[in-house]
Amino acid sequence: MTTQAQFDAFAAEVARELGTHCRTAPLPAKMRGKAGLIVDDDGRALRLVQPDRRRPERLRVYAALPDESEVGVPSIGVTASSARHVAREFVRRLYPLHAEAAQQAAEITARRRAEERARRAVAEAVAGALPGARVQEQHRRTLIVWQHSTRPQGEYGPVQVDSVCAVVRASGESVQVDVSGRPDSVVPMLAAFARAHERS
C-alpha cells in the first residue's frame with residue numbers, strides 16, 4: 001500500500017470482512033500520512049494508520065473515542081498481510097480494549113454531567129442571592145461577580161464599589177467567596193452569612 005487510494009481500498013476491504021454493519025468514513029483533514037476510519041452501527045470507530053512509510057505492511061490501529069482527552073486510547077500493531085487477518089485481529093485484540101475504554105469514557109462523562117448539574121444548582125442559588133450578578137462558566141467551575149457602585153448624590157470624588165466574587169467549584173460542594181467594599185456594606189453581608197450558617 002504505497003498510495004492513499006490503495007490504503008482506502010484496503011480499509012474498505014477490512015470493513016467488509018468485519019461485517020455488513022461496518023463501513024469506512026472520512027477522517028479529519030488534519031490527519032497526516034496514510035490513514036483510514038472504520039465505523040460500525042454500534043458506535044465503535046477504528047483509526048487505521050500506516051505510521052512508517054518504509055514499512056507499509058505495518059499498521060497501527062486505534063480505538064477512536066468521542067472524547068479522547070480523559071481516557072487513554074487503546075491501540076494495537078498489526079501486519080497488513082490480508083484484510084481478513086487485520087479484521088480478525090481487531091475483533092480478537094482491539095474490540096475488548098475498545099469496550100473497556102468506551103465504558104471508562106462513559107463513566108467519566110456521567111460524573112462530569114452530575115458535577116455540572118450540582119454546580120449549576122449552587123451557582124443559581126448564589127446568583128439568586130445577588131441580583132444583577134454576572135455568571136461566567138469556566139472549565140469545571142462557575143464564576144459569579146456582583147458589583148455595586150456608590151457615591152452620595154451631589155458629591156465628587158472616586159466611586160466606591162462594593163463587590164462579591166464567588167467561585168463554585170467543580171462538584172458544587174464548595175464555594176469560595178471574596179467580598180470587598182465599604183465596611184457599612186460588607187459587615188452586614190458577613191453578619192447575614194453567619195446567621196444563615198448558624199441556622200443551618
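Arg140 is found in the loop that links β6 (134–138) to β7 (141–150). This is a predicted model. The phi angle of Arg140 is near 55 degrees, a positive value in a residue other than glycine. Arg140 has a relative accessibility of 30%, so it counts as partly exposed.

**The main core**

The largest nonpolar core holds 22 residues. Those with the most contacts inside it are Val14, Leu18, Ile38, Leu59 and Phe90. Two helices and three strands are listed as giving two or more residues each: α1 (4–18), α2 (83–128), β3 (45–49), β4 (58–64) and β5 (75–79). A second core is separate from this one and has nine residues, including Ala123, Ala127, Leu130 and Val164.

What does Phe90 touch, leaving aside its neighbours within four places in sequence? The contacts of Phe90 are Val14, Leu18, Ile38, Leu46, Leu48, Val61 and Tyr95. Val14, Leu18 and Ile38 are also listed with Phe90 among the residues with the most contacts inside the largest core.

**How α1 meets α2**

Two packed helices are described by the angle between their axes and the distance between the axes. The axes of α1 and α2 come within 8 Å. They cross at roughly 60 degrees. The two helices are therefore oblique to each other. The crossing of α1 past α2 is right-handed.

Which residues make this contact? From α1 come Phe10, Glu13, Val14, Glu17 and Leu18. From α2 come Ala83, Arg84, Val86, Ala87, Phe90, Val91 and Tyr95. By class, the contact has nine nonpolar residues, three charged residues and no polar ones. Val14, Leu18 and Phe90 take part in this helix contact, and they are also among the residues with the most contacts in the largest core.

**Tyr62 in β4**

Tyr62 lies in strand β4. Is Tyr62 buried or partly exposed? Its relative accessible area is 27%, so Tyr62 is partly exposed. Leaving aside neighbours within four places in sequence, Tyr62 is in contact with Ala45, Leu46, Arg47, Val49, Val73, Pro74, Ser75 and Leu94. Leu46 is also a contact of Phe90.

**Gly181 and Val186**

Gly181 lies in the loop between β9 (175–180) and α3 (183–199). Val186 lies in helix α3. How do the two compare in exposure? Gly181 has 40% relative accessibility and therefore counts as partly exposed. Val186 has 12% relative accessibility and therefore counts as buried.

Not counting residues up to four places away in sequence, Gly181 touches Val161, Asp162 and Val186. On the same terms, Val186 touches Val179, Ser180 and Gly181. The contact between Gly181 and Val186 thus appears in the list for Gly181 and in the list for Val186.

**Val159 before β8**

Val159 lies in the loop between β7 and β8 (160–168). At 45% relative accessibility, Val159 counts as partly exposed.

**Separations along the chain and in space**

The table sets sequence separation beside C-alpha to C-alpha distance for four pairs.

| Pair | Apart in sequence | C-alpha to C-alpha distance |
|---|---|---|
| Tyr62 and Pro74 | twelve residues | 5.9 Å |
| Gly181 and Gln147 | 34 residues | 9.4 Å |
| Val159 and His148 | eleven residues | 10.0 Å |
| Val186 and Val78 | 108 residues | 67 Å |

Tyr62 and Pro74 are separated by 5.9 Å between C-alpha atoms, and Pro74 is one of the contacts of Tyr62. For Val186 and Val78 the C-alpha atoms are 67 Å apart.

Definitions and conventions:
Residues are numbered from 1 along each chain as its sequence is written. This is a predicted model: local features need pLDDT of at least 70, side-chain atom pairs count only at pLDDT 80 or more; totals for chains, interfaces and linings use all residues. Side-chain values use heavy atoms; hydrogens and water are left out. A nonpolar core is a set of buried Ala, Val, Leu, Ile, Met, Phe, Trp, Tyr and Cys residues joined through side-chain atoms within 4.5 Å. Buried means under 20% relative accessible area, exposed over 50%, partly exposed in between (1.4 Å probe, protein chains only). Helices (H or I, at least four residues) and strands (E, at least two) are DSSP runs, numbered from the N terminus. Contact means heavy atoms within 4.5 Å. Axes are lines fitted to C-alpha atoms, for helices over the stretch in contact, and angles run from 0 to 180 degrees between N-to-C directions. Angles under 35 degrees count as roughly parallel, over 145 as roughly antiparallel, 65 to 115 as roughly perpendicular and the rest as oblique. A crossing is left-handed if the near helix is turned anticlockwise from the far one by less than a right angle, and right-handed if clockwise. Ala, Val, Leu, Ile, Met, Phe, Trp, Tyr, Cys and Pro count as nonpolar, Asp, Glu, Lys and Arg as charged, and the others, Gly among them, as polar.
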